[in-house]
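Hi,

Here is the structure I said I would pass on. Have a look at it first, and then read my notes underneath.

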Amino acid sequence: MPNVDDHGLEVLKKAAQNLDPVKKRDYALQVVSKLPFAPPWNTDYIRSTLDGLVQTIVYKTGGAAGTVLKTITITYDDCDFQNYTVEVSSP
């Protein structure tokens, strides 16, 4: 039976970005804080749209026609959707 730890390492390698020109040698995991993406406590409606390389997430209270609590705009650098910038706005 294969070792579970070895399998976990392979999963991490596949999720990592290669930093070295030599494949399968040096890797780094890109991590981000989830706090900017967290919905406000009183959110009862979430809408997410993707238009080209720009994803917009809108959190509302009071349903679809309700009040906007927070809007997140994610702009991706390319179609790989790995590198991006985030803008968070609240009314």
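Below is what I found when I went through the model, starting with the chain as a whole and ending at its C-terminal segment.

First, a caveat: this is a predicted model, so please read the numbers below in that light.

**The chain overall**

The chain has one helix and six strands. Going from the N terminus, the order of elements is α-β-β-β-β-β-β. There are 91 residues, and 14% of them are buried. The accessible surface is about 7,000 Å², with carbon and sulfur atoms making up 57% of that. If you take the contacts with a separation of 6 or more, 20% of them link residues 24 or more positions apart.

**The sheet**

Four of the strands make an open sheet in the order E3-E4-E5-E6, and the pairing is antiparallel. Strand E3 (45-51) and strand E6 (84-89) are the edges, each pairing on one side only. On average, neighbouring strands in this sheet are turned by 15 degrees against each other, ignoring direction.

Here is how the pairs go, walking across from E3:

- E3 and E4 (residues 54-61) are antiparallel and share seven bridges. Asp 51 sits opposite Val 54 of E4. The hairpin between these two strands has two residues in the turn, and Gly 52 there has a positive phi near 65 degrees.
- E4 and E5 are joined by eight bridges, again antiparallel. Thr 61 faces Thr 67 of E5. This hairpin has five residues between its strands, with Gly 62 in the turn at a positive phi of about 95 degrees.
- E5 (residues 67-76) and E6 are antiparallel too, with six bridges. Two of the partnerships to look for are Thr 71 with Ser 89 of E6, and Thr 75 with Thr 85 of E6.

**The nonpolar core**

Which residues make up the largest nonpolar core? There are five: Ile 57, Tyr 59, Ile 72, Ile 74 and Tyr 76. E4 and E5 are the elements that each give two or more residues to this core, and E5 gives the most, with three. As background, nonpolar side chains tend to be buried together in soluble globular proteins.

The numbering in that list goes up in twos within each strand: 57 and 59, then 72, 74 and 76. That spacing is worth holding against a general rule: in a regular strand the side chains alternate between the two faces of the sheet.

If you want one residue to start from, try Ile 72. Setting aside neighbours within four places in sequence, Ile 72 touches Pro 36, Phe 37, Gln 55, Thr 56, Ile 57, Tyr 59, Val 86, Glu 87 and Val 88. Among these contacts, Ile 57 and Tyr 59 are core members as well.

**The aromatic cluster**

There are two aromatic pairs in the structure. In one, Tyr 76 and Phe 81 meet edge-to-face, at 4.8 Å centre to centre and 80 degrees between the planes. In the other, Tyr 76 and Tyr 84 are also edge-to-face, at 5.8 Å centre to centre and 70 degrees between the planes. Tyr 76, Phe 81 and Tyr 84 therefore belong to one cluster, as rings count as paired when their centres lie within 6.5 Å.

How buried or exposed are the three rings' residues? Tyr 76 has a relative accessibility of 13%, so this residue counts as buried, the cut-off being under 20%. Phe 81 is partly exposed at 36%, and Tyr 84 is partly exposed at 26%. Tyr 76 is thus a member of both the aromatic cluster and the nonpolar core.

**After the last strand**

The segment after E6 contains Ser 90. This residue is exposed, because its relative accessible area of 54% is over the 50% cut-off. What does Ser 90 touch, leaving aside neighbours within four places in sequence? Its contacts are Leu 69 and Lys 70. Ser 90 and Leu 69 are 21 residues apart in sequence, while their C-alpha atoms are 6.0 Å apart in space.

That's my list. Shout if anything looks odd when you open the model.

Cheers

Terms used:
Residues numbered from 1 in each chain as written. Heavy atoms only, no water. Pairing = 2+ DSSP bridges. Axes fitted to C-alpha atoms, helices over the stretch in contact; angles between N-to-C directions. Buried < 20%, exposed > 50% of the residue type's maximum accessible area, 1.4 Å probe, protein only. Contact = heavy atoms within 4.5 Å. Areas by Shrake-Rupley, 256 points an atom, 1.4 Å probe, with all protein chains shown as cover. Phe/Tyr/Trp six-rings, centres within 6.5 Å; stacked < 30°, edge-to-face > 60°. Core = buried A, V, L, I, M, F, W, Y, C linked by side-chain atoms within 4.5 Å.
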